[in-house]
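Student: Could we go through this one together? I'd like to start with a single residue and work outwards.

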Amino acid sequence: MEDKTFEHRVKAFSWLIWLILFILAARLWQLQIIQGDKYAALAEGNKSRIERVQAPRGEILDRNGLKLATNKVEYQVTVVRDDLDRPLEDVADTLAGMTGADPEDILRRLQSRDYRAFDPVPVVRHLGPETVICVAEEQQNIPGVHLEGAVVRTYPEGAVGSHVLGYLGMISQEELAQYSGYYGSDLIGKTGIERAYEAQLRGQDGWILREVDAIGRTQRVLETQDPIPGNNVVLSIDSDLQRVAEEIIRNNLERLRSNPDGPAAKAGVIIALDPWTGEILAMASEPGFDPNLLLPDAPNRNFAQLQADPALPMLHRATQGLYPPGSVFKPVTATAALALDKFKVDELYYATGRSKYGKKDWILNRYPPLAPHGWIDLPTALERSSNDFFWELCFRLGIDSLAKYARMFGFGESTGVDLFPQDKAGLVPDPEWKKRTFADRPVWDRNWYEAETMDLAIGQGYLLTTPLQVALMYSTLATHGVQYVPRLVMEIQSPTGDTIVRTEPEVARRIEMAEAKWRAIEKGLVAVVSNARGTARNVFRDFPVSVAGKTGSAEVNSGDAHGWFAGYAPVKAPEIVIVSFVENGGGGASAAAPMAREFLEYYFTRADSEGEFVDN
């Protein structure tokens, strides 16, 4: 009996041994045959490791070579998670104690899925000298933690030209799908030149093939490929003029707001460009922002604060703001009437101050009201900004002709300026637009009325424009009919400074009209700033350079009117177009024209001191 029991136990034990051997064999077969390639790759990864070396981003320079966006080398702490010998929470706490950084922020970066197991994850950037020494001494005791130099973006002029330059941010999932060659941890241009010229500014990454030991320490470098820096972008912007323009706007807004009974004066724009090339010399939009604050350390916090700011500092009002232009639009109405022979250069019109519908000109709405203009010609109508006169022109033109000429000046479509996002197209209303827009309303709301044409003729009603469009309109007046595509980039240069691409002036449109008719409009614009009843006469009193321009006060549904001034100088040989604008600033003469004078004063004083300017 005992022999049989012993025999059963031996057989059971034998089967158990065979079962164990079978399990071991199956596991070996799985590891070596089924998953052999995977573990071979892992084993090889423990011997050699390829590390990406990001290329320095190209620089952005002003027209005089001043660096507006460049790079600097800073130290950062990186972590290779696969080499760690402790939990991520412990690593985060240890590094926070060494660097003073937020442990939760470090842990969040360590847990990011944007990096592979062997990738170095940057967890603390912008280390000071003392922190660098501390990390250097301790990193040997923490496998997987490294101290590395990194090339980071910097904007030496701070907020100067911020809307033009744009800013960098972490690439989004949508952008990763759109662009090839990027990683989830990469920065990419989000707005402005940084985004519009991303392909030129971004360089070609290099790599380093290292041999490492079991805990990730480099034993030797096996092979390298140097990165190729991005190309440099040279702007037409003059950073000196840009800085002065921004200062002028800020000071003017403060002046207007300092009056308890004055306008709200929420924001302002100054644009200066060369009418013969389309080169933009300055494009200031205030308030602005410092793009350094949106680099990767705390972008979410800073970005959220900027987005929540009621002053809308990230809105580029020069290209993205849409406003009724008010009386600065009146030369468009004048051009249409003269070009189509609806009004003669030497013709007179008797302005009573009232339209045929009883609507009053602004001079009658003043307190006390001014006397009606009486017999006036076109230059005088521009000088005094007679609504009555331009209403008469719109009756002769009709809405279709007036809208056509508005579009001929470039209103209602993008200007083609080389920025991201694309500048707003604005709106030139007409009967077809109104039918589409108000299709769900009663028929009387869908019909177009002559009173709405009256509004368009003086830059009011549904008409919406950007300040840049107004600048291009006045560049067309300055050249007597030729408008150039606005340009911000003059050259693309290689990292060594060689010119790769040089942009050339490009004609956007031409308006054909007899020279005498252009001169009639110009005479009126000169009178605005020089004659006794010119709306900008007091602002430009004793100005040493001849200026042609127009003020505008655009009424809005609520709040103070928008103030405009647009013009060019010198009159006989225009070299600069200027547009100044104050959102909810009140009258154009009181809010915007002083900014234009101050900017032109600086521009011509500087040119004269450099021996470059003669007023012909």
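Tutor: Gladly, and a definition comes first: helices are DSSP runs of at least four residues, numbered from the N terminus. Keep in mind as well that this is a predicted model.

Student: Okay, so where does Lys-330 sit?

Tutor: Lys-330 belongs to helix H13, which covers residues 330–339.

Student: And is Lys-330 buried or exposed?

Tutor: Lys-330 counts as buried, because its relative accessibility is 0% and buried means under 20%.

Student: What does Lys-330 touch, if we skip residues up to four places away in sequence?

Tutor: Its contacts include Leu-382, Ser-385, Phe-390 and Lys-550. One of these, Ser-385, lies in the loop between helix H15 (378–384) and helix H16 (387–397), and its phi is near 55°, a positive value in a residue other than glycine.

Student: Is Ser-385 buried or exposed, then?

Tutor: Ser-385 is buried, with a relative accessible area of 5%.

Student: Switching topic: which residues touch the most other members of the largest nonpolar core?

Tutor: Those are Ile-193 and Leu-235, in a core of 82 residues. Helix H21 (residues 467–478) gives the most to this core, contributing eight residues. There is also a second, separate core of 35 residues, and Val-547 and Met-595 are among them.

Student: Last thing, where are the peptide bonds cis?

Tutor: One cis bond joins Phe-420 and Pro-421, with omega about 0°, and Pro-421 is in the loop between helix H17 (399–408) and helix H18 (431–437). Another runs from Ala-569 to Pro-570, with omega near -20°, and Pro-570 is in the loop between strand S20 (562–569) and strand S21 (576–583).

Technical notes. Residues are numbered from 1 along each chain as its sequence is written. This is a predicted model: local features need pLDDT of at least 70, side-chain atom pairs count only at pLDDT 80 or more; totals for chains, interfaces and linings use all residues. Side-chain values use heavy atoms; hydrogens and water are left out. Helices (H or I, at least four residues) and strands (E, at least two) are DSSP runs, numbered from the N terminus. Buried means under 20% relative accessible area, exposed over 50%, partly exposed in between (1.4 Å probe, protein chains only). Contact means heavy atoms within 4.5 Å. A nonpolar core is a set of buried Ala, Val, Leu, Ile, Met, Phe, Trp, Tyr and Cys residues joined through side-chain atoms within 4.5 Å.
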